[in-house]
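Thanks for coming, everyone. Please take a look at the structure on the screen, and then I'll walk you through it.

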Amino acid sequence: MARRGLFGGLLTVTAAAAAVAGVAYLFKDEIRGTETYKNLNEKYDVDKKIKDYSEKAKDTAYDLKDKAKVAAKDIKAKAEEWKASQEDDIFEDDEIIIDGDFSDDRDYVSIKDAAEDVKDAVEDKVEDVKDAVEDKVEEVKDAVEDATDK
């Protein structure tokens with residue numbers, strides 16, 4: 001509820017300021033002809049300050065636009081560089097590439113195939129260890145039975 005009230009108040013103030021600025025723009029020549037405006041202009045140099053701030057705002061806007069263009073070019077160049085580096089990924093084809101003096105007819109091993117071979121070898125070793133442990137367990141059981149019988 002507070003957000004709606006704050007937003008509504010902000011909208012009201014903005015609309016009122018826009019209306020005042022619109023009326024002032026429509027009647028700017030009449031306003032400049034009044035005695036009050038002439039006195040303020042002589043005292044504070046209003047016209048010169050408005051012109052200076054307008055030029056400064058335009059210059060700042062052009063500078064920001066130029067900086068945004070440069071930043072966009074830099075971002076685009078960096079994105080192209082990252083894209084190119086991803087396209088040149090040495091593991092893209094799932095091959096291990098080894099530099100050195102090797103014959104041209106050398107076979108390359110797929111990473112996936114090498115991983116499967118390692119997995120199979122580990123499974124075989126685990127099975128061998130499991131069998132050896134089971135054999136030792138049986139020997140211990142037999143030894144315990146023999147000791148119990150004596």
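Let me start with a question. Which residues make a nonpolar surface patch of about 530 Å²? Keep in mind as you look that this is a predicted model. The patch is made by Val 23, Tyr 25, Leu 26, Phe 27 and Ile 31. Helix H1, residues 2-26, gives the most to that patch, with three residues. Take Val 23 as one example. Val 23 lies in helix H1. Its relative accessible area is 47%. Buried means under 20% and exposed means over 50%, so Val 23 counts as partly exposed.

Now step back to the whole chain. How many helices and strands does the protein chain have? Five helices and zero strands. Along the sequence the pattern reads α-α-α-α-α. The chain has 150 residues, and buried residues make up 1% of them. The exposed area of the chain is about 14,000 Å². Carbon and sulfur atoms supply 58% of that area.

Next, the pocket. The largest pocket holds about 170 Å³ of space. Which residues line it? Going up in number, they are Ala 24, Lys 28, Ile 31, Arg 32, Tyr 37, Asp 47, Ile 50 and Lys 51. You have met Ile 31 already, in the nonpolar patch. Ile 31 is also part of this pocket lining. Sort the lining by class and you get four nonpolar residues, four charged residues and no polar ones. Two helices to point at here are helix H2, 28-32, and helix H4, 46-87. Each supplies at least two residues of the lining.

Stay with helix H4 for a moment, and turn to salt bridges. The structure holds two of them. One joins the side chains of Lys 48 and Asp 52, at 3.1 Å from N to O. Why are these two about one helical turn apart? Because Lys 48 and Asp 52 are four residues apart in helix H4. Are they buried or exposed? In between. Lys 48 is partly exposed, with a relative accessible area of 46%. Asp 52 is partly exposed as well, at 36%.

The other bridge takes us to helix H5, residues 111-149. Glu 139 forms a salt bridge with Lys 136. Their closest N and O atoms are 3.8 Å apart. Glu 139 and Lys 136 are three residues apart in helix H5, so about one helical turn separates them. What about exposure here? Glu 139 has a relative accessible area of 48%, and is partly exposed. Lys 136 sits at 53% relative accessibility, so it counts as exposed, the cut-off being over 50%.

To wrap up, keep three places in mind. There is the nonpolar patch, with Phe 27 among its residues. There is the largest pocket, with Tyr 37 in its lining. And there are the two salt bridges. Over to you for discussion.

How values were computed
Residues numbered from 1 in each chain as written. Predicted model: local features only at pLDDT ≥ 70, side-chain atom pairs only at ≥ 80, totals over all residues. Heavy atoms only, no water. Buried < 20%, exposed > 50% of the residue type's maximum accessible area, 1.4 Å probe, protein only. Areas by Shrake-Rupley, 256 points an atom, 1.4 Å probe, with all protein chains shown as cover. 1 Å grid on protein atoms, 1.4 Å probe; cavity = no way out; pocket = protein on both sides within 12 Å on 5 of 7 lines; lining within 4 Å. Points joined across faces, edges and corners; volume = space filled by probe spheres on them. Nonpolar A, V, L, I, M, F, W, Y, C, P; charged D, E, K, R; others polar. Patch = residues over 30% accessible without salt bridge, like charges linked within 9 Å, V, L, I, M, F, W, Y side chains within 5 Å. Salt bridge = Lys/Arg side-chain N within 4 Å of Asp/Glu carboxyl O.
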